[in-house]
Amino acid sequence: MPSFGQIAQRMSPKGWAMLGGSVAVFIVFIVVVMQMASAPSYTTLMAGVNPAQTGKITSTLSAGGIAFELQNNGTAVAVESDKTAQARVALATAGLLTSTDQPGFSLMDSQQLGESDFQQQITYERALEGQLAQTIETINGVSSAEVNLVLPNSQDQLFADNSQPATASVLLADSGTLDSGAVRGIAELVASSVPSLSIDKVTITDSNGDLLWPDGDSSDSGGLPAAQSANQRYDATMAAAVNAVLAQTLGPDKAMVTVDADLNSDQATSDSLTYAKKGVALQTQTGDETLKGGSPTASGVAGTAGNIPAYASTGNANSSYADKTANTTFGVDKTITHAVIAPGKVNQQSVAVLVNSTVPASDLPMIKQAVSNTVGLQAKRGDTISIGQLPFAKPVTTPVAAAPSPITTYGEYGAIGIGSLFFLIFAARKLKRRENESFLGQPTWLRELESPRSLASLEAGGNGQPIEIKALQPPVNVARKQVEELVQRDPDRVALQVRAWMAED
């Protein structure tokens, strides 16, 4: 059989090209198979996720060191199959697993024929609860929601004595930024979505067990007064806004901000009266009178001149009279303003900022100015801000296994493939050579059988010593040996059996 060197010398360039192509295809095949075998399998953990919650879910999984992938355009989250339980625990701890447990109206599609009225009623209630929970979770500030409904039987409503009102309870996991208006909106949403449900039969509580509705307007923070509750909501809102800005700029777990504000929670009214500088003419009266007279003369004789005096003529032939008057009544222009001053004005606030020691000290003035602008700090109002720097405690996270470098992985796959190829080639050549090779020599016993030897040489042996020739023993007859042993043990029984055989003959 020609050796590998002889085969290599006889191969043409085309043969070498075919051999190289075969080797390349084999290596690629081995790499693909190894990659498919080593690729982790993912299991869908959550489906129908609100895109607004996807960021929170992925952040929680990354903090727990759980690999994930997004599916269905970000509305489904899949994790590695062997870490499904760990992912569920992490999301449940963060309050992000409730939304996937709400079935929504998809339960109505799984109904079957022959279901009783009770089963249909329960399915309808669960579907309505799930749909309401998914709708509430789209509200800003709500992390998760769980809705429980108690709907009366429609047949019981026929009799007034047996009728029961519908009730609803809502459990919220919020970020502390929900105000009384948002809570009332949730109550209105639930009441308007359920038939025969009034808003006063809706109960809303938070994850701490504090009642938000129906006492949300007056005491929506664990029974605290309205003024203190408003202060807490304002503090939480402003602190969350500032922490979000610092997390985007410095990174997570780099700074922490707390706000303590004093709000004016009293509702007041303001009345003002303003007069104009110039008067306004309310009424104007004018008069114009003219008179022109004639030329009067005396006439007739009263008597004699002795007893009746004579009257001389008086009057002006050109007499005239004219009179003009004007009267104006003025009024003062005034403005009356009635305004209602809503509560919530900030009387004074103080802000405390704590920064991790890993942040450069040169950035502290800029951080202080950014926080002051975000909360609307006013020095004339008496607002204060303090900033400090301390080393933060490192969060406990599960270390994520480092993924192997693609170059290293492909190199290992290539080495395995080349090694396997050489093993197959050399093993095939070795087997082929063993099949074609002839025996180097014949065994001694075969040569002795084929070449005749005399009796004297056999007796002399190979070393001059006489060889003892033993007679061959005949083969052992087992049946005969058993009969002989039986005759020796029980001869009488054997003789009786022989007599019986002879009598039969």
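The chain averages a pLDDT of 75, and 70% of its residues score at least 70; pLDDT is the predictor's confidence in each residue, from 0 to 100. Over residues 216-224 the pLDDT falls below 50. That stretch still has 18 contacts in the model beyond near neighbours in sequence, contact meaning heavy atoms within 4.5 Å. Where pLDDT is low, the predicted coordinates should not be read in detail.

This is a predicted model, in which local features need pLDDT of at least 70 and side-chain atom pairs count only at pLDDT 80 or more, while totals for chains, interfaces and linings use all residues. Residues are numbered from 1 along each chain as its sequence is written, and side-chain values use heavy atoms, with hydrogens and water left out.

## Overall picture

The chain has 14 helices and twelve strands. Helices (H or I, at least four residues) and strands (E, at least two) are DSSP runs, numbered from the N terminus. Of the 505 residues, 21% count as buried. Buried means under 20% relative accessible area, exposed over 50%, and partly exposed in between (1.4 Å probe, protein chains only). The chain exposes about 35300 Å², and carbon and sulfur atoms supply 57% of that area. Accessible areas come from the Shrake-Rupley method with a 1.4 Å probe; for residues, only the protein chains shown count as cover. Among contacts between residues at least 6 apart in sequence, 68% join residues at least 24 apart.

## Strand pairs

Two strands pair if DSSP finds at least two bridges between them. Three pairs are set out below.

| Strand pair | Sense | Bridges |
|---|---|---|
| E2 (residues 68-71) and E3 (residues 76-80) | antiparallel | four |
| E5 (residues 167-174) and E6 (residues 202-206) | parallel | five |
| E8 and E11 (residues 345-356) | antiparallel | ten |

In the E2 and E3 pair, Gln71 stands opposite Ala76 of E3. The hairpin of these strands has four residues between them, and Asn72 takes a positive phi near 55°.

## The four-stranded sheet

One open sheet has four strands in the order E4-E5-E6-E7, with mixed pairing. Strand E4 (142-150) and strand E7 (211-213) stand at the edges. Each has a single partner strand, so one side of each is left without a neighbour in the sheet. Neighbouring strands are turned by 25° against each other on average, direction ignored. Axes are lines fitted to C-alpha atoms, for helices over the stretch in contact, and angles run from 0 to 180 degrees between N-to-C directions.

Inside the sheet, Ala168 has Val202 of E6 as its bridge partner. Two helices pack on this sheet. Helix H6 (residues 117-136) touches E4 and E5, and its direction makes about 155° with that of E4. Helix H7 (residues 180-193) touches E4, E5, E6 and E7; its direction makes about 135° with that of E6.

The largest nonpolar core has 25 residues. Such a core is a set of buried Ala, Val, Leu, Ile, Met, Phe, Trp, Tyr and Cys residues joined through side-chain atoms within 4.5 Å. Ile136, Leu149, Leu172, Val190, Val202 and Ile204 touch the most other members. H6, E4, E5, H7, E6 and E7 each supply at least two residues of this core. H7 gives the most, with five residues. Leaving aside neighbours within four places in sequence, Val202 is in contact with Ala168, Ala187, Val190, Ala191, Leu197, Trp213 and Pro214.

## The three-stranded sheet

Apart from that core lies another, of 21 residues, among them Tyr234, Val353, Val359 and Val371.

An open sheet of three strands has the order E8-E11-E12, again with mixed pairing. Strand E8 (255-264) and strand E12 (384-390) are its edge strands, each pairing on one side only. Neighbouring strands are turned by 10° against each other on average, direction ignored. Asp262 has Gln348 of E11 as its bridge partner.

Tyr234 is found in helix H8 (residues 226-250). The C-alpha atoms of Tyr234 and Val346 are separated by 9.6 Å, although these residues are 112 apart along the chain. Beyond four places in sequence, Tyr234 is in contact with Ala261, Leu263, Val346, Gln349 and Val375.

Val375 lies in helix H9 (residues 364-375). Val375 is buried, with a relative accessible area of 5%. Not counting residues up to four places away in sequence, Val375 touches Tyr234, Met238, Val242, Val259, Gln349 and Val351. The C-alpha atoms of Val375 and Val351, 24 residues apart along the chain, are separated by 8.5 Å.
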